[in-house]
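Please open the model in your viewer and keep the selection tool at hand. The stops below are best taken in order.

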Amino acid sequence: GCLRLRFGGWVGVRQVGYRVYGWNGDDNAPLLPARAALDEICRRRPGVPVVAIGHSMGGRVAAHLAADRRVIGVLGLAPWWQFADWRHIQPGARVVAVHGDADTRTLAKRTRKGIDELSALGIDAEFIPVPGGGHAMLDHIGLWQRSALDFVGERLEETAGRDCQESAQADEARADEAQRAARYGGGWHAGDLPNREPDWVLQCPVTMERSPGIARPGTPGLA
């Protein structure tokens with residue numbers, strides 16, 4: 001809701017829906033619907049930038065999604081990176097992790113370790129501590145929300161900057177063509193620039209929509 005209010009039509013938001021509860025070991029249960037959502041976005045909007053945002057187990061899902069180069073950014077909110085999941089993130093992504101030091105379900109020190117490791121590899125990674133912050137993000141609400149808004153805003157500025165540069169190059173090429181047409185004769189018509197597609201945010205929730213007969217027992221987020 002906050003993302004739509006801040007950015008309007010510049011950002012499309014898609015929340016992943018899980019069919020089963022928890023990670024379920026080697027089944028990696030949340031990844032199938034998350035990857036399907038990413039594929040659908042990219043099929044409908046080829047080349048559109050996508051960032052993944054996730055809390056707790058959703059942060060783990062976001063890290064795994066970012067093995068795909070179509071994902072240009074990962075925001076982990078108190079992420080469950082129990083198994084060095086940050087190592088799945090491709091080196092071209094921007095990574096921000098926000099974690100409260102009073103969190104007893106997932107560990108801020110593990111998240112910081114992951115960010116330090118990514119930074120040492122030359123990946124653009126940042127750790128934001130939340131003093132006294134717990135796991136549920138019910139404290140320091142402004143900080144948690146602001147981190148998501150700022151993260152998406154930064155990615156928008158980057159992609160919009162590239163769009164402006166490409167548009168300027170296209171304008172320059174059309175101007176050169178117009179000069180040649182004026183010099184040597186012939187008509188020239190400047191085409192309108194294509195409308196800019198919105199960037200996309202994939203929200204990876206902590207758990208699932210319970211489905212009787214499908215869900216398995218599991219505990220998301222334990223470190």
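**Stop 1: helix α4**

Begin by selecting α4, residues 108-120, in this predicted model. At 1.5 Å a residue, its 13 residues should span 18 Å, and the C-alpha atoms at its ends are indeed 18 Å apart, so expectation and model agree.

Next, display the side chains of A108, T111, G114, I115 and L118, which are buried in α4. These residues cover an arc of only 120° around the axis, and therefore lie on the same side of α4. An α-helix has 3.6 residues a turn, so residues three or four places apart point the same way. Now turn to the other side of α4, where K109, K113 and A120 are exposed. Against which strands do the buried residues of α4 pack? Their partners are β4 and β5. Before leaving, select G122, just after α4, which takes a positive phi of about 90°.

**Stop 2: the nonpolar cores**

Select V61, L65, I89, V95, I115, L118 and L202, the members with the most contacts to other members in the largest nonpolar core, which has 36 residues. Elements giving two or more residues to this core include α3 (57-65), β4 (94-100), α4 (108-120) and β6 (199-204). The greatest contribution, six residues, comes from α2.

Centre the view on V61. Leaving aside residues up to four places away in sequence, V61 touches Y18, W23, P30, L31, A34 and C204. Apart from this core lies another, of 20 residues, including F7, V13, I53 and A148.

**Stop 3: a salt bridge from α4**

Return to α4 and select E117 together with R87, whose side chains meet in a salt bridge at 2.7 Å, N to O. The pair joins distant parts of the chain: E117 belongs to helix α4 and R87 to the loop between β3 and β4, 30 residues apart. E117 counts as partly exposed because its relative accessibility is 23%, whereas R87, at 54%, counts as exposed.

**Stop 4: a network around R155**

Finally, select R94, D124, E126, E154, R155 and E158, which are linked in a network of salt bridges. R155 forms a salt bridge with E154, with the closest N and O atoms 3.4 Å apart, and also one with E158, at 2.7 Å. E158 and R155 are three residues apart in helix α5 (residues 141-184), so about one helical turn separates them. Is R155 buried or exposed? With 4% relative accessibility, R155 counts as buried, while E154 is partly exposed at 34% and E158 is partly exposed at 38%.

Methods
Residues numbered from 1 in each chain as written. Predicted model: local features only at pLDDT ≥ 70, side-chain atom pairs only at ≥ 80, totals over all residues. Heavy atoms only, no water. Core = buried A, V, L, I, M, F, W, Y, C linked by side-chain atoms within 4.5 Å. Buried < 20%, exposed > 50% of the residue type's maximum accessible area, 1.4 Å probe, protein only. Helix = DSSP H or I, 4+ residues; strand = E, 2+ residues; numbered from the N terminus. Contact = heavy atoms within 4.5 Å. Expected span 1.5 Å × (residues − 1). Arc of directions from axis to C-beta. Salt bridge = Lys/Arg side-chain N within 4 Å of Asp/Glu carboxyl O.
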